[in-house]
Amino acid sequence: MTTLSLYDSLSRSLRAFKPLDPAKGVRVYSCGPTVYNYAHVGNLRAYVFTDTLSRVLTWKGYDLTHVINITDVGHLTSDADAGDDKMEAAAKRAGKDIWAIARHYTDAFKQNLADLNIRNPTHLPLATDHIAEMIDFAAQIEAKHCYRLDSGLYFDVTTVPEYGRLARSADDTGESRIDPVAGKRHAQDFAIWRTSAPGENRQMEWDSPWGRGAPGWHLECSVMSKKYLGESFDIHTGGIDHREIHHPNEIAQNQAHCGCADSGAAFWMHNNFLVERAGKMSKSSGEFLTLQAVIDRGFHPLSYRMLCLQAHYRSELEFSWENLAAAQVRLKRLVQAVEGLRSRADAPAKGSAAGYREQLDTAVSDDLNTPKALPVLDALIADKKVSPADRLSALTDFIEILGLPLDTITREDLRVRPASAAIDEAAIMSRLAERQDARARKDFAASDAIRDELAAAGVEVMDGDPIGWDWRTTAT
């Protein structure tokens, strides 16, 4: 197999990958969601990316331990030290129990992963299940690296080497941000533990040496990566927004705990933003696009996976309904082509598909270059010089890496009823039967009228196609 090369954000270079400790396999930590709301499709791009990474690693024969954390406490409304805890704020707005909110949005996130055919990680730990370990971690680094304020325990970033090197700061001041906490020594110092203010009414708080309160957001990832993967592990992934504050703070904590310059991970990998024409997709405005909203428009969730695969994970990806519709058409054509291969699987053997496997390996070994792998898939399926059986055999490698279940999904599965549809499938089939009768009687006026009626209801009639009909999606 081709040597796998991955881009490391810390060294800003493409490097050959090899496990730190082959006996332990490959250990990967991915920053998970803060479960105060539904994940938007921009958030979910990170998990399509890390799923592709995990699939490539296992396809290449590595044993994989993969952790995705669930942040259910500690993440403030600013990634720095400003604002309220996102979970507490969501509970106050909804007037609901914070633990119930966390469970609801955690379950929704798990459903998103299933809908996108993202494999379950080895561990999916909750931050609130690791409070004791966080307190112990903070106590171990306090003397050399932290100081106390009335508002909590803060990390002094000048006590570790090259703080902020991961971020794209252009000078020695580190990230540019306003210091919102009175008494901090440096603007970049961050909270390890936030002590509840007198009279503050929190639903999630715990006793600690620094007063009753809650951990800082950055602490949980250092603690849980160490617990499940060890002090040094292979790969840490996350969205590019984590590169500027969250991950530099994680690295600082890791260095403080080990008493060394080790960042904690051998590779730091970041996927780029999903953007709309109006700008970066986020939840800050209160208006954001969920995967369920995509499904409600009549798009299969795997069409969104296809959209992500068509762009390199380090490139910005523009979201539009037109782009999503094009990705869905591409997916449907692939499914149709594979169905055709299965119907001819007993054709005589000829040619070889080995070259396509090699091209796939070359593409994904080049920093997970799925945009280069997809045309190879198209060429494999279309190559009549290779028998259908051999093409189907080679297809399993593409399925494993790309996460597109082309061997099991059908075009009927991809036919997703829009939430706005005013007609159901039974009624569609009834009207199509009536139309077929009209055509048999050569009553083409009645036949055309039924076609127009179905078109007005958002149904596309496809004469001569075994599937018969499909929902129309509007790319607007």
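Two strands are said to pair when DSSP finds at least two bridges between them. The exercises below use this idea on a predicted model, whose chain holds 14 helices and 15 strands.

**Exercise 1.** Decide in which sense β9 and β10 pair, and find out how well β10 is covered.

*Solution.* Begin with the count of bridges: β9 (residues 233-239) and β10 are joined by six bridges, and they run in the parallel sense. Since at least two bridges are needed for a pair, the condition is met by these six. Next, look at one bridge in detail, where Ile235 has Phe267 of β10 as its partner. Finally, turn to the surroundings of β10 (residues 265-271), of which six of the seven residues are buried, so that the strand is mostly covered.

**Exercise 2.** Work out the order of the strands in the open sheet that contains β7, and explain why β5 and β8 each have one side without a neighbour.

*Solution.* As a general starting point, strands of a sheet pair through backbone hydrogen bonds, and the pairing may be parallel or antiparallel. Here four strands form an open sheet in the order β5-β6-β7-β8, with antiparallel pairing. Because β5 (146-149) and β8 (213-215) stand at the edges and each has a single partner strand, one side of each is left without a neighbour in the sheet. From one strand to the next, the twist averages 20 degrees. As a closer look at one pair, β7 (residues 190-195) is joined to β8 by three bridges in the antiparallel sense, and Arg194 is found opposite Ala214 of β8. To complete the picture, add helix α6 (residues 246-258), which lies across β6 (152-155) and β7 and runs at about 85 degrees to β7.

**Exercise 3.** Describe the largest cavity by its volume, its lining and the elements that contribute to that lining.

*Solution.* The method rests on a simple idea, namely that rolling a probe the size of a water molecule over the atoms shows where empty space is left. A search of the whole structure gives five cavities of 30 Å³ or more, and the largest cavity holds about 100 Å³ of space. The residues that line the largest cavity include Arg45, Phe49, Asn271, Tyr313 and Leu368. The elements giving two or more residues to this lining are α1 (41-59) and α8 (301-309), and the largest share, four residues, comes from α1. When the lining residues are sorted by character, seven are nonpolar, three are polar and one is charged.

**Exercise 4.** Leu368 and Lys442 each have a positive phi; for each, state the loop in which the residue lies and decide whether the residue is buried or exposed.

*Solution.* Take Leu368 first, a residue other than glycine whose phi is near 60 degrees. Leu368 lies in the loop between α10 (354-365) and α11 (370-382), and because its relative accessibility is 2%, under the 20% limit, Leu368 counts as buried. Leu368 is also one of the residues lining the largest cavity. Now take Lys442, whose phi is near 65 degrees, again a positive value in a residue other than glycine. Lys442 is placed in the loop between α13 (425-440) and α14 (444-456), and because its relative accessible area is 63%, over the 50% limit, Lys442 is exposed.

**Exercise 5.** Give the overall dimensions of the chain and the share of its residues that are buried.

*Solution.* Along its principal axes, the C-alpha trace spans about 90 × 55 × 35 Å. Of the 476 residues in the chain, 55% count as buried.

Methods. Residues numbered from 1 in each chain as written. Predicted model: local features only at pLDDT ≥ 70, side-chain atom pairs only at ≥ 80, totals over all residues. Heavy atoms only, no water. 1 Å grid on protein atoms, 1.4 Å probe; cavity = no way out; pocket = protein on both sides within 12 Å on 5 of 7 lines; lining within 4 Å. Points joined across faces, edges and corners; volume = space filled by probe spheres on them. Nonpolar A, V, L, I, M, F, W, Y, C, P; charged D, E, K, R; others polar. Axes fitted to C-alpha atoms, helices over the stretch in contact; angles between N-to-C directions. Contact = heavy atoms within 4.5 Å. Buried < 20%, exposed > 50% of the residue type's maximum accessible area, 1.4 Å probe, protein only.
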